[in-house]
Amino acid sequence: MIDKIHKLLGEISEISAESLEEVEQLRLKYLSKKGSVSALFDDFRSVPPEKKREVGQLLNELKNQVQGKIDTLKAGFESIENKADKVSDLTRPVTLEPGTRHPLSIVRNQIIEIFSHLGYTVAVGPEIEDDWHNFSALNFPPEHPARDMQDTFFIARDPEILLRTHTSSVQIRTMEKTQPPIRMIFPGRVFRNEAISARAHCIFHQVEGLYIDKNVSFADLKQTLLYFAREMFGENTQIRLRPSYFPFTEPSGEMDVSCNICGGVGCNICKYTGWVEILGCGMVDPNVLDNCGIDSNVYTGFAFGMGIERITMLKYQIKDLRLFFENDMRFLRQFSGTI
Ligand code: PHE
């Protein structure tokens, strides 16, 4: 009996298999009820009592070795099968979910596209600005109350360095570098120290525009904005301009569009007025042109600025601005397929 066990021990130290099926064959050969190891356990009953201890130990070792060997062979084949399954099955359907564009990006791209038809190109600038580009060059005198219109985040208690409150700062940077004609739009992120609510956020997005040339008039501004409003909200859209105040434009206006949700009849989005304000605009103040080295006796121009969140909310009837920043997939997925 002991010889038999030793013989089997030698045998199993050399076994190998080419496939999972062969491993199964080995298991049957040694460990099934009729297998050779099991047969030895049957024989064990007839071993004389004084030998039982020695033979029993050997027998157990044999069984463990066979089981161990078979488990190792099996695990090897299974891991190869798994890998092959994952890596090389080119027919497996793709389960990756394609991403969707953020609604603010969709609308920003649309705005850029609409103005590109009128010959406007795009420029961007820094989000951390100095007082000159965000305020002083734009005709905000020091200590002037108009600075309070835009609650500013200052950086490291330095009143000279701040997070830009509007992308008008990029208009200044452009005018300092370029002589007219200038026809550009300026998309970007802006920052104001405002409490977060359904209608306001401390970070939001703007697109501002600037057109400077000889003989640019308020009529050009009005026609440009009418074209934009109809491209964005539909060809039946009406606009109206109300007088307003900005330090960098004179005269200044705010533009409303007819409410595209109720068609002008009155609803809670337009607060039952039939009109929704979407942008500020005006003729560039001659002081601003002079501050940037553009001769205000020769050139005139207009500027306008709008919040992308506001336009997007109107276009898609979104009632809470905070949704744009929460990255809730249930909200974002609704814009899949829109470019
Ligand atoms: N910069 C203004 C704002 O952020 C918008 C604006 C731009 C108004 C250009 C007039 C002309 O509120």
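In this predicted model, helices (H or I, at least four residues) and strands (E, at least two) are DSSP runs, numbered from the N terminus.

**Exercise 1. Locate two residues with positive phi.**
Task: State where Asn-139 is found and where Lys-271 lies.

Solution.
- Step 1. Asn-139 is not a glycine, yet its phi is positive, about 75 degrees.
- Step 2. Asn-139 belongs to the loop that runs between α6 (131-134) and β3 (154-155).
- Step 3. Lys-271, also a residue other than glycine, has a positive phi near 50 degrees.
- Step 4. The loop between β8 and β9 holds Lys-271.

**Exercise 2. Place two cis peptide bonds.**
Task: For the cis bond from Pro-180 to Pro-181 and the one joining Glu-250 and Pro-251, give omega and find the element that holds the second residue.

Solution.
- Step 1. Omega is near 5 degrees for the bond from Pro-180 to Pro-181.
- Step 2. Pro-181 is in the loop between α7 (168-177) and β5 (182-191).
- Step 3. For the bond between Glu-250 and Pro-251, omega is about -5 degrees.
- Step 4. Pro-251 is in a strand, β8 (residues 249-258).

**Exercise 3. Describe the division of the chain.**
Task: Name the domains of the chain and state what distance separates their centres.

Solution.
- Step 1. Domain 1 covers 2-88, and domain 2 covers 103-335.
- Step 2. Taken over C-alpha atoms, the centres of domain 1 and domain 2 are 79 Å apart.

**Exercise 4. Describe the surroundings of the ligand.**
Task: Find which pocket holds the ligand, which residues come nearest and which strand gives the most to the shell.

Solution.
- Step 1. The largest pocket is where the ligand sits.
- Step 2. There are 14 residues around the ligand, and those that come nearest are His-166, Ser-168, Arg-192, Gln-206 and Glu-208.
- Step 3. By type, the shell has five nonpolar, seven polar and two charged residues.
- Step 4. At least two residues of the shell come from each of β6 (203-213), β9 (275-284) and β10 (300-307).
- Step 5. With three residues, β10 gives the most to the shell.

**Exercise 5. List polar contacts of the ligand.**
Task: Give the distances from the ligand to polar side-chain atoms of His-166, Ser-168 and Gln-206, then state how much of the ligand the protein buries.

Solution.
- Step 1. From a nitrogen atom of the ligand to a polar side-chain atom of His-166 is 3.0 Å.
- Step 2. An N or O atom in the side chain of Ser-168 lies 3.0 Å from a nitrogen atom of the ligand.
- Step 3. The side chain of Gln-206 has an N or O atom 2.8 Å from an oxygen atom of the ligand.
- Step 4. The ligand taken alone exposes 320 Å², of which the protein buries 93%.

Notes:
Residues are numbered from 1 along each chain as its sequence is written. This is a predicted model: local features need pLDDT of at least 70, side-chain atom pairs count only at pLDDT 80 or more; totals for chains, interfaces and linings use all residues. Side-chain values use heavy atoms; hydrogens and water are left out. A residue is near a molecule or strand if one of its heavy atoms lies within 4 Å of it. A polar contact is a pair of N or O atoms within 3.5 Å; within protein, one must be able to donate a hydrogen and the other to accept it, and residues adjacent in sequence count only if both atoms are side-chain atoms. Accessible areas come from the Shrake-Rupley method with a 1.4 Å probe; for residues, only the protein chains shown count as cover. On a 1 Å grid over the protein atoms alone, a cavity is a set of points where a 1.4 Å probe fits but cannot get out, and a pocket is an open set with protein on both sides within 12 Å along at least five of seven lines; lining residues have an atom within 4 Å of a point. A molecule sits in a cavity or pocket if more than half of its atoms lie within 2 Å of its grid points. Ala, Val, Leu, Ile, Met, Phe, Trp, Tyr, Cys and Pro count as nonpolar, Asp, Glu, Lys and Arg as charged, and the others, Gly among them, as polar. Domain bounds come from an automatic or database domain assignment.
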